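The exercises below ask the reader to work from an overall description towards individual helices and their packing. Each task is followed by a solution that proceeds step by step.

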Amino acid sequence: MKIVIDSREQTPYTFTDYPVEVVTGTLATGDYSLYGFDRPQGGIAIERKEINDLIGVLTRDRERFKRELDRLYAFQSAALVIEAPLSFIRTNRYRSGADPAAMEQSIISIMAKYRLPVYFARDRRDAEKFVYDFLRHFQRQAEERYKALTVGTAANGTAGKIE
């Protein structure tokens, strides 16, 4: 598996505990993807946020974040990974005067509107594991779809034919 990390990612995961190849590239959307799957049609994108960054995009940078969410929505698969548990929002453990209940409702609204899973990790290490697992499952399913397609094509006698 080859993971692509956006070159603008400030504190990228290393994935040293996982059997992967890591490359840096410019991703149009998200912070993490798979090599060859970084485009919306048939692709995957994962956006990572630290807790204070999340609160910032839910408040002062909301319009920019909505554009990012619109781009994520176009992908076959996408996720938002938060490097903190939900309890950090509920107990106002971030640098902002933003109302915790309003922040939680904004996240729920995003999940509903964009059909975007949001994973609240225990910590950074847990977030990295989730990103690895999410990408791994996507790749496995993409391989199964490809295998089914090629087996089906061969079965009906169209494999290798140019029309």
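## Exercise 1: a helix and its surroundings

The buried residues of α1 are I51, L54, I55, G56, V57 and L58, where buried means under 20% relative accessible area, exposed over 50% and partly exposed in between, with a 1.4 Å probe and protein chains only. The model is a predicted one, in which local features need pLDDT of at least 70 and side-chain atom pairs count only at pLDDT 80 or more, whereas totals for chains, interfaces and linings use all residues. Residues are numbered from 1 along each chain as its sequence is written, and side-chain values use heavy atoms, with hydrogens and water left out.

Task: state how α1 sits in the structure, and find what covers its buried residues.

Solution. Begin with the count: six of the eight residues of α1 are buried, so this helix is largely enclosed by the rest of the structure. Next, look for contacts, meaning heavy atoms within 4.5 Å; the cover over the buried residues of α1 includes β4, α2, β5, α3 and α4. Helices (H or I, at least four residues) and strands (E, at least two) are DSSP runs numbered from the N terminus.

## Exercise 2: the faces of two helices

Task: compare the length of α4 with the expected span, and determine where its buried residues lie around the axis.

Solution. The expected span of a helix is 1.5 Å times one less than its number of residues. For the 15 residues of α4 (residues 100–114) this gives 21 Å, and the end C-alpha atoms are 21 Å apart, which agrees. The buried residues of α4 are P100, M103, E104, S106, I107, I110 and Y114. Seen down the axis of α4, they fall within an arc of 155°, so they line one face of the helix; the arc is that of the directions from the helix axis to the C-beta atoms. The face turned away from the buried side carries the exposed residues A112 and K113. Just after α4, R115 takes a positive phi of about 50°.

Task: repeat the analysis for α2.

Solution. The 12 residues of α2 reach 16 Å from the first C-alpha to the last, close to the 16 Å expected. Its buried residues are F65, E68, L69 and L72, and, seen down the axis of α2, these fall within an arc of 100°, so they line one face of the helix. An α-helix has 3.6 residues a turn, so residues three or four places apart point the same way.

## Exercise 3: the packing of α2 and α4

Task: describe how α2 and α4 pack, and classify the residues of their contact.

Solution. The two helices, α2 and α4, pack at an angle of about 30° with their axes 11 Å apart. Here axes are lines fitted to C-alpha atoms, for helices over the stretch in contact, and angles run from 0 to 180 degrees between N-to-C directions. From α2 the contact takes R62, F65, K66, L69, D70 and Y73, and from α4 it takes S106, I110, K113 and Y114. These residues of the contact of α2 with α4 divide into five nonpolar, one polar and four charged, where Ala, Val, Leu, Ile, Met, Phe, Trp, Tyr, Cys and Pro count as nonpolar, Asp, Glu, Lys and Arg as charged, and the others, Gly among them, as polar.

## Exercise 4: a glycine in a loop

Task: is G30 buried or exposed?

Solution. G30 is found in the loop between β2 (21–25) and β3 (32–34). With a relative accessible area of 6%, G30 is buried.
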